[in-house]
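The report that follows walks through a two-chain complex, taking confidence and domains, then enclosed spaces, and then selected elements. Please read it alongside the sequence and the coordinates.

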Amino acid sequence: MTIAVTNIRVEDKLYQNRYVVDSGRPHIKVRPHQSPSVNLYALTSVCPAKCYELNDQGQVEITTDGCMECGTCRVLCEASGEIEWNYPKGGFGVLFKFG
Amino acid sequence: MTEEKFDAIVIGAGMSGNAAAYTMASRGLKVLQLERGEYAGSKNVQGAIMYANMLEKIIPDFRDDAPLERHLIEQRFWMMDDTSHTGMQYRSDDFNETNPNRYTIIRAQFDKWFSRKVREAGTTLLCETTVTELAHDTEGKVIGVRTDRAGDVILADVVVLAEGVNGLLGTRAGLRQTPKPETVALAVKEMHFLAEEVIDQRFGLKANEGCVIEAAGTISRNMAGLAFLYTNKESISIGIGCLVSEFAATMESPYDLLENFKNHPSVRPLIAGSEVKEYAAHLIPEGGYKAIPPLFGNGWVVVGDAAQLNNAVHREGSNLAMTSGRIAGEAIVQIKNRGKPMIKENLALYKSMLEKSFVIKDLRKYKDMPALLHTNSRNFFTTYPKLLSQAAQNFMRVDSTPKIEKERATTAAFIKARSRWGLVSDAVRFAFAWR
Ligand SMILES: Cc1cc2nc3c(=O)[nH]c(=O)nc-3n(C[C@H](O)[C@H](O)[C@H](O)COP(=O)(O)OP(=O)(O)OC[C@H]3O[C@@H](n4cnc5c(N)ncnc54)[C@H](O)[C@@H]3O)c2cc1C
Ligand code: SF4
């Protein structure tokens with residue numbers, strides 16, 4: 001039995017989930033940029049799966065493996081063209097056992 | 001498959017899609033339902049409370065075999081500050097009735113059951129199929145869909161968009177706007193497993209009785225938000241949600257908020273020793289009445305969360321989804337039985353039927369609430385909970401301070417924090433929005 005209440009690593013949380021990853025075909029892409037907009041930058045803390053991170057050059061990068069397909073980043077950054085957002089191919093992505 | 005034409009295609013096998021497909025198929029229509037998940041429910045997240053009345057209108061004997069967790073006999077509302085909560089609690093044995101009114105459910109399991117009923121009613125369901133595009137004829141009428149499976153357009157007289165809050169297809173086709181950051185909340189949620197008896201004990205429950213806690217206050221760190229804790233049979237669903245616009249403005253992390261809530265001294269003992277088995281995130285439409293998009297057009301209708309049919313004030317969504325799905329299905333059946341085409345003029349029937357139901361009436365009642373709470377989130381979610389806690393503590397601590405001084409101190413604290421005028425105006429605006 002684990003007492004998880006003191007544990008705040010998102011990676012550990014995502015580890016509980018079931019995913020079928022469509023390797024090499026990320027469903028969300030970040031447009032190349034020099035420096036991120038306010039909203040794009042915000043995703044580095046607002047994405048609930050911590051998919052967005054800053055690289056050494058200060059640009060925002062995405063790794064979609066833990067994505068829960070919530071749509072938050074779409075709502076914040078699709079209209080400005082900073083990201084391209086799609087659902088994974090049918091059957092791929094997160095699979096909630098409980099939901 | 002591509003040669004066949006359906007009476008209706010339903011996109012999505014969530015609450016609204018299942019209700020629509022069931023309603024149409026059980027009345028003899030040829031229905032195709034498409035779901036991108038591996039099974040119905042694999043992409044869906046909910047608290048979750050399920051309201052019996054709205055499901056009864058679709059499947060009257062659902063209690064015989066639906067996977068229900070506990071029926072609710074108690075609800076608590078908590079106003080929280082960092083170390084305390086001021087609560088309101090309602091518990092009644094009347095809820096231990098033969099046909100209980102509200103249940104907790106686990107969506108992935110419930111949706112699988114609902115989906116089985118939908119298929120038994122005659123719907124053809126294709127899972128692992130993402131619909132990529134709506135297909136139109138030269139006049140712009142929706143005539144079918146394209147999917148990520150090989151093959152041509154799948155044709156149907158009408159398409160029911162039950163695709164949920166993100167509503168990718170409808171927004172890409174220009175039928176409605178992408179939700180705005182201020183009209184959707186991001187909620188994160190965990191499933192904590194505990195032995196049934198432990199849950200019974202901690203919440204004072206027996207034999208399938210359930211309790212839910214809904215909490216607001218400093219836990220949302222100045223944002224408009226709500227946390228919840230729902231008892232299932234052998235697990236507790238716990239989560240918190242705030243507006244996406246406010247998350248972006250504050251750069252708070254949703255998982256931090258959740259951890260914070262879980263560690264609150266009022267919450268921690270309730271989940272102590274539990275095993276976490278899932279972490280989920282999902283949006284909730286919170287724009288209310290004013291955010292409802294056009295509900296129908298040539299060859300299409302939109303139902304459930306995709307149409308922002310969600311009552312954020314009462315935390316109701318799945319029942320509005322089920323009801324709008326059922327009503328859309330009934331309208332389509334009527335039009336079909338009259339031998340009329342599925343064009344805009346005729347599909348307007350769906351909207352007029354929906355307006356007569358509680359769905360639109362309830363949303364209209366609270367049309368000003370989202371704006372009030374969201375423009376005033378600091379007062380409602382931080383200042384007032386803190387003041388309430390101070391007032392309660394002042395009231396309960398027995399010391400040598402004369403009561404009259406305590407009372408004055410409480411009143412002064414409220415006025416200092418918000419000014420007399422501010423308090424009155426918040427109260428009046430709240431009363432009007434609630435009316
Ligand atoms: C944390 C949380 C707690 C909640 N608590 C409650 C509660 O206690 N009580 C309550 O009544 N409501 C609650 N709700 C709201 C409730 O979950 C929703 O209102 C309800 O699920 C809406 O149903 P729907 O059918 O419209 O959408 P969904 O249930 O989201 O279903 C949409 C379906 O469409 C599928 N889909 C989407 N796009 C495509 C595509 N292109 N191709 C194929 N399939 C597609 C999805 O995979 C999904 O299965 C809660 C929501 C959340 C997030
Ligand atoms: S959809 Fe949600 S979980 Fe996935 S990357 Fe965007 S914000 Fe993160």
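## Strand pairing in chain B

In this predicted model, B:Met79 stands opposite B:Thr86, a residue of strand S5 of chain B. The two strands concerned, S4(B) and S5(B), pair in the antiparallel sense over seven bridges, and a hairpin of four residues connects S4(B) to S5(B). S4(B) also pairs with strand S12 of chain B, which spans residues 209–217; here the two strands run parallel and nine bridges join them. Within that parallel pairing, B:Leu72 has B:Gly210 of S12(B) as its bridge partner. S4(B) itself covers residues 71–80 and is mostly covered, with eight of its 10 residues buried.

## Confidence and domains

For the complex, the predictor gives an ipTM of 0.91 and a pTM of 0.91. Chain B has a mean pLDDT of 91, and 94% of its residues reach 70 or more.

The domain assignment divides chain B into domain 1, made up of the segments 6–67 + 106–179 + 291–356, domain 2, covering 184–285, and domain 3, covering 368–434. Between the C-alpha centres of domain 1 and domain 3 of chain B the distance is 43 Å.

## Chain A

Chain A contains three helices and six strands, and from the N terminus on its elements follow the order α-β-β-α-β-β-α-β-β. The C-alpha trace of chain A spans about 45 × 35 × 20 Å along its principal axes, and 53% of the 99 residues of this chain count as buried.

## Cavities and a pocket

The model has two cavities of 30 Å³ or more. They are set out below together with the second largest pocket, with the volume and the make-up of the lining of each.

| Space | Volume | Lining residues | Nonpolar, polar and charged residues |
|---|---|---|---|
| Largest cavity | about 930 Å³ | 49 residues | 24 nonpolar, 15 polar, 10 charged |
| Second largest cavity | about 100 Å³ | 15 residues | 12 nonpolar, two polar, one charged |
| Second largest pocket | about 390 Å³ | 21 residues | nine nonpolar, four polar, eight charged |

The largest cavity encloses about 930 Å³ of space, and the lining residues closest to its centre are B:Val45, B:Arg107, B:His282, B:Leu283 and B:Asp305. Domain 1 and domain 2 of chain B each contribute at least three residues to the lining of this cavity. Several elements of chain B supply at least two lining residues each, among them helix H1 (15–25), strand S11 (184–193), strand S13 (225–231) and helix H9 (318–337). The largest share, four residues, comes from strand S15 of chain B, which spans residues 275–285.

The second largest cavity, with a volume of about 100 Å³, has A:Cys47, A:Cys67, A:Met68, A:Cys70 and A:Cys73 as the lining residues closest to its centre.

The second largest pocket holds about 390 Å³ of space, and residues of both chains lie nearest its centre, namely A:Asn86, A:Tyr87, A:Pro88, B:Thr130 and B:Thr132. Two or more residues of its lining come from each of strand S2 (28–30) of chain A, strand S8 (131–136) of chain B and helix H4 of chain B. Of the elements in this lining, S8(B) gives the most, with four residues.

## Helices H7 and H8 of chain B

Helix H7 of chain B, which covers residues 254–263, is mostly covered, since seven of its 10 residues are buried. The buried residues of H7(B) are B:Pro254, B:Tyr255, B:Leu257, B:Leu258, B:Glu259, B:Phe261 and B:Lys262, a list that includes the charged residues B:Glu259 and B:Lys262. As general background, an α-helix has 3.6 residues a turn, so residues three or four places apart point the same way.

B:Arg268 belongs to helix H8 of chain B, which covers residues 268–271. Is B:Arg268 buried, exposed or partly exposed, and at what relative accessibility? B:Arg268 counts as partly exposed because its relative accessibility is 33%, a value between the 20% under which a residue is buried and the 50% over which a residue is exposed. B:Arg268 and B:Phe77 are 191 residues apart in sequence, while their C-alpha atoms are 17 Å apart in space.

Note on methods:
Residues are numbered from 1 along each chain as its sequence is written. Chains are lettered from A and ligands numbered from 1 in the order in which they are written. This is a predicted model: local features need pLDDT of at least 70, side-chain atom pairs count only at pLDDT 80 or more; totals for chains, interfaces and linings use all residues. Side-chain values use heavy atoms; hydrogens and water are left out. Buried means under 20% relative accessible area, exposed over 50%, partly exposed in between (1.4 Å probe, protein chains only). Two strands pair if DSSP finds at least two bridges between them. pLDDT is the predictor's confidence in each residue, from 0 to 100. Domain bounds come from an automatic or database domain assignment. On a 1 Å grid over the protein atoms alone, a cavity is a set of points where a 1.4 Å probe fits but cannot get out, and a pocket is an open set with protein on both sides within 12 Å along at least five of seven lines; lining residues have an atom within 4 Å of a point. Grid points are joined across faces, edges and corners, and a volume is the space filled by probe spheres set on the points.
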